[in-house]
Amino acid sequence: MSFFTNTPRRGRRDADSELYPRPRTQATDLPKESPVTLLNIMKLNSGSSLTVWGNEILHVLRPLKLDALVASDLPRPHPEDADYSKWKFWTLVIAEWLFNQVDTSLQYKVKAHSNELAFADEIFNAIKLLSLYSQSTFLASELKRWEDLNRDDFFTSADFILAYQNQYNRLKTENHAPSCDFALGRLLQGLHGEVMKVPFIQEEVKDLGRPVDYQLFTYYCKVLIDESRKPNVSAGPSASEDASVGVYGEFRTRSPSRGRDISYRGWRKSTKGRGPAWE
């Protein structure tokens with residue numbers, strides 16, 4: 001091919017486009033303008049979790065490739081961008097939908113904050129900003145609820161462990177949970193003298209040589225629940241050789257775990273231990 005051949009000079013442009021791709025904006029990868037039905041979620045109010053609400057918002061938008069519209073770290077497209085009209089259509093649709101996902105009192109606050117809010121990222125950021133005080137109050141109440149959980153308030157130890165773990169998971173979702181070491185130690189203290197494996201777990205934790213992580217905390221909760229659900233009353237006084245008197249005076253059978261490894265390390269080596277600890 002001659003150097004003077006009149007052909008489109010695309011090679012350099014294509015190379016440059018690969019080396020310097022167009023920066024992402026909120027308009028990147030948006031679907032075509034079309035009618036859409038967006039699911040409503042539980043409305044945000046002063047007593048609900050801002051974190052959970054925000055995650056549900058993203059859960060609705062992400063499958064439709066509309067979650068970029070509420071991402072404040074992504075720039076909006078320039079009016080001369082080829083996708084600007086597409087972005088304008090969708091951001092107004094999502095802004096209206098977001099406004100309807102909060103209760104009336106918060107809607108009034110958003111309007112009072114600024115009458116000029118129109119785009120989805122503006123509405124989303126305003127809702128988060130105006131909900132910070134309510135969120136801090138919510139977190140304080142959730143933490144107190146966890147701290148106030150007491151074994152005496154539950155009929156069985158399994159019920160107590162489940163409630164304790166569920167409330168801890170709520171705090172973890174909010175990124176407001178105490179350390180797993182502290183949480184496990186507090187749980188074991190509440191079950192001491194009732195669940196037979198408590199002292200075994202306490203000794204094992206001391207010998208771990210590392211802090212208790214969330215997976216290990218979840219595993220020990222499962223061990224405690226399984227142990228607490230086992231029958232621990234003997235058939236009668238005639239079975240004295242196979243029973244021991246518990247701390248509350250009841251006859252308790254010998255632990256079936258005697259003579260075998262009940263530790264986390266042993267569980268991980270077993271067939272069952274090949275999966276996640278919470279299965």
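Okay, let's start by walking along the protein chain: from the N terminus on, its elements run α-α-α-α-α-α-α-α-α-α-β-β-α. Counted up, that gives 11 helices and two strands. Before I go on, keep in mind that this is a predicted model.

A few overall numbers, then. The protein chain has 279 residues, and 36% of them are buried. Its accessible surface comes to about 17,800 Å², and carbon and sulfur atoms hold 54% of that. Now look at contacts in the protein chain with a separation of 6 or more: residues 24 or more positions apart account for 68% of those.

So what's on the inside? In soluble globular proteins, nonpolar side chains tend to be buried together. Here, the largest nonpolar core has 28 residues. Which residues touch the most other members of it? Those are W53, I57, L69, I94, W97, L98 and I127. Helices α2 (50-61), α3 (84-99), α4 (104-113) and α5 each supply at least two residues of this core. The largest share comes from α3, with seven residues.

Let's zoom in on one of those names, L69. Leave aside its neighbours within four places in sequence, and L69 is in contact with Q26, L30, W87, W90, T91, I94, A120 and D121. And there's a second core, separate from that one, with 27 residues, among them L171, A183, L184 and V212.

Next up, aromatic rings. The structure holds 12 aromatic pairs. Take W53 and F124: why does this pair count as stacked? The ring centres are 5.9 Å apart and the planes sit at 25°, and stacked means planes under 30 degrees apart, so the pair fits. W53 lies in helix α2 and F124 in helix α5, so this pair ties together parts that are 71 residues apart in sequence. Are these two buried or exposed? W53 is buried, at 3% relative accessibility, and F124 is buried as well, at 7%.

Here's another pair to set beside that: Y214 and F217. Their centres are 6.5 Å apart with 35° between the planes, and this pair is tilted. Y214 and F217 both lie in helix α10 (residues 214-228), three residues apart, which is about one turn of the helix. As for cover, Y214 is partly exposed, with a relative accessible area of 26%, while F217 is buried at 0% relative accessibility.

Y214 and F217 also belong to a bigger picture. Ring pairs link W146, F154, F160, Y164, Y168, F182, Y214 and F217 into a cluster. Two charged residues come in here. The charged end of K172 sits over the ring of Y214, 4.5 Å from its centre. And R186 lies over the face of W146, at 4.7 Å from the ring centre.

While we're in helix α10, have a look at E227, which lies there too. E227 counts as buried because its relative accessibility is 9%, and the cut-off is under 20%. Leaving aside its neighbours within four places in sequence, E227 is in contact with V195, M196 and K197.

Now, cysteines. How many disulfides does a search of the whole structure find? Zero. Why doesn't C180 have a bond to C221? C221 holds the closest cysteine sulfur to that of C180, but the two are 9.3 Å apart, which is too far for a bond. For scale, a disulfide needs the sulfur atoms within 2.5 Å. Looking from the other side, C221 is in no disulfide either, and its nearest cysteine sulfur is that of C180. C180 is buried, with a relative accessible area of 12%, and C221 is buried at 0% relative accessibility.

Last stop, K128. You'll find K128 in helix α5 (residues 120-130). K128 counts as partly exposed because its relative accessibility is 31%. If you want one thing to find on the screen, try K128 and L50: they are 78 residues apart along the chain, and their C-alpha atoms are separated by 7.3 Å.

To wrap up, here are the bits to hold on to: a largest nonpolar core of 28 residues, a separate core of 27 residues, 12 aromatic pairs, and zero disulfides. That's me done, thanks!

Definitions and conventions: Residues are numbered from 1 along each chain as its sequence is written. This is a predicted model: local features need pLDDT of at least 70, side-chain atom pairs count only at pLDDT 80 or more; totals for chains, interfaces and linings use all residues. Side-chain values use heavy atoms; hydrogens and water are left out. Helices (H or I, at least four residues) and strands (E, at least two) are DSSP runs, numbered from the N terminus. Buried means under 20% relative accessible area, exposed over 50%, partly exposed in between (1.4 Å probe, protein chains only). A nonpolar core is a set of buried Ala, Val, Leu, Ile, Met, Phe, Trp, Tyr and Cys residues joined through side-chain atoms within 4.5 Å. Contact means heavy atoms within 4.5 Å. Accessible areas come from the Shrake-Rupley method with a 1.4 Å probe; for residues, only the protein chains shown count as cover. Rings of Phe, Tyr and Trp (its six-membered ring) pair if their centres lie within 6.5 Å; planes under 30 degrees apart count as stacked, over 60 as edge-to-face and the rest as tilted. A charge sits over a ring if NZ of Lys or CZ of Arg is within 6 Å of the ring centre and within 35 degrees of the ring normal.
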